[in-house]
Amino acid sequence: MKRMILAAAMGLGVAGTAMADPVLGTWKTQPDDGSYAHIEMQKCGAAVCGKIARTFNDGGEYKSPNIGKTLVIDMVPNGDGSYAGKVWRPSNDKIYIGKMNLSGDSLALRGCVAGGLICSKQNWSRVK
């Protein structure tokens, strides 16, 4: 009986780990208008959201008023490493159609207008 309970518990642990979204964690953005950030990607319901955790400029880390704000909004996984949702660009305070593609420790993030025809792209790297 103990073996069955242990096996069931281990199975649930493995299933829980396997269901974790691989995009979760901390990501470093590319510089935008001279600054970059660390974005903490977390689950928000069935989607993924990313909040600004730390900000940096030429002088090093600084306390931006944007810390804690959501940059990646309701990105829903498509099951193939791609995601669709919205992104906020702090430098112009606009929200765009968002797309993400995960490849290992690299995350390609796009903010698009015109129904997704015109996009601006950044490549983010996973913070270890």
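These are my notebook entries on a predicted model of a protein.

**Overall layout**

I started with the secondary structure and got one helix and nine strands. Reading from the N terminus, I wrote the order down as α-β-β-β-β-β-β-β-β-β. So much for the elements; burial came next. The protein has 128 residues, and 30% of them count as buried. For the surface I noted about 7,900 Å² exposed, with carbon and sulfur atoms supplying 58% of that area. I also looked up how contacts spread along the chain. Taking contacts with a separation of 6 or more, 30% are between residues 24 or more positions apart.

**Largest pocket**

Then I went looking for space. Rolling a probe the size of a water molecule over the atoms shows where empty space is left. The largest pocket holds about 610 Å³. I listed 31 residues in its lining, and D32, W88, R89, P90 and Q122 are the ones nearest the centre. Which elements give two or more residues to this lining? They are β2 (36–44), β3 (47–57), β6 (82–89), β8 (106–113) and β9 (118–126). Strand β9 gives the most, with six residues. I sorted the lining by residue type too: 16 are nonpolar, ten are polar and five are charged.

**T26 and H38**

Next I picked T26, which is in strand β1 (residues 25–28). What does the side chain of T26 make a polar contact with? The partner is the side chain of E40, and I have the distance down as 2.4 Å. Skipping residues up to four places away in sequence, T26 touches H38, I39 and E40, and also S125, R126 and V127.

H38 was on that list, so to speak, and I followed it up. H38 belongs to strand β2. Is H38 buried or exposed? I have H38 as buried, because its relative accessibility is 11% and the cut-off for buried is under 20%. Beyond four places in sequence, H38 is in contact with T26, W27 and K28 on one stretch of my list, then K51, I52, A53, R54 and F56, and finally V127. V127 therefore appears in my notes for both T26 and H38.

**Y62**

I moved on to Y62, in strand β4 (residues 60–62). Y62 counts as partly exposed because its relative accessibility is 28%, which falls between the 20% and 50% cut-offs. Leaving out neighbours within four places, I found Y62 in contact with S35, T55, F56, N57 and I67. S35 got a second look: the side chains of Y62 and S35 are joined by a polar contact of 3.4 Å. I also checked Y62 against A37. The two are 25 residues apart in sequence, and their C-alpha atoms are 10.0 Å apart.

**D74**

Last stop was D74, which sits in strand β5 (residues 70–77). Why does D74 count as partly exposed? Its relative accessibility is 44%, and the partly exposed class runs between 20% and 50%. Apart from residues up to four places away, D74 touches C44, A47, V48 and C49, plus A84 and G85. I looked up G50 as well. D74 and G50 are 24 residues apart in sequence, with 8.7 Å from C-alpha to C-alpha.

How values were computed: Residues are numbered from 1 along each chain as its sequence is written. This is a predicted model: local features need pLDDT of at least 70, side-chain atom pairs count only at pLDDT 80 or more; totals for chains, interfaces and linings use all residues. Side-chain values use heavy atoms; hydrogens and water are left out. Helices (H or I, at least four residues) and strands (E, at least two) are DSSP runs, numbered from the N terminus. Buried means under 20% relative accessible area, exposed over 50%, partly exposed in between (1.4 Å probe, protein chains only). Contact means heavy atoms within 4.5 Å. Accessible areas come from the Shrake-Rupley method with a 1.4 Å probe; for residues, only the protein chains shown count as cover. On a 1 Å grid over the protein atoms alone, a cavity is a set of points where a 1.4 Å probe fits but cannot get out, and a pocket is an open set with protein on both sides within 12 Å along at least five of seven lines; lining residues have an atom within 4 Å of a point. Grid points are joined across faces, edges and corners, and a volume is the space filled by probe spheres set on the points. Ala, Val, Leu, Ile, Met, Phe, Trp, Tyr, Cys and Pro count as nonpolar, Asp, Glu, Lys and Arg as charged, and the others, Gly among them, as polar. A polar contact is a pair of N or O atoms within 3.5 Å; within protein, one must be able to donate a hydrogen and the other to accept it, and residues adjacent in sequence count only if both atoms are side-chain atoms.
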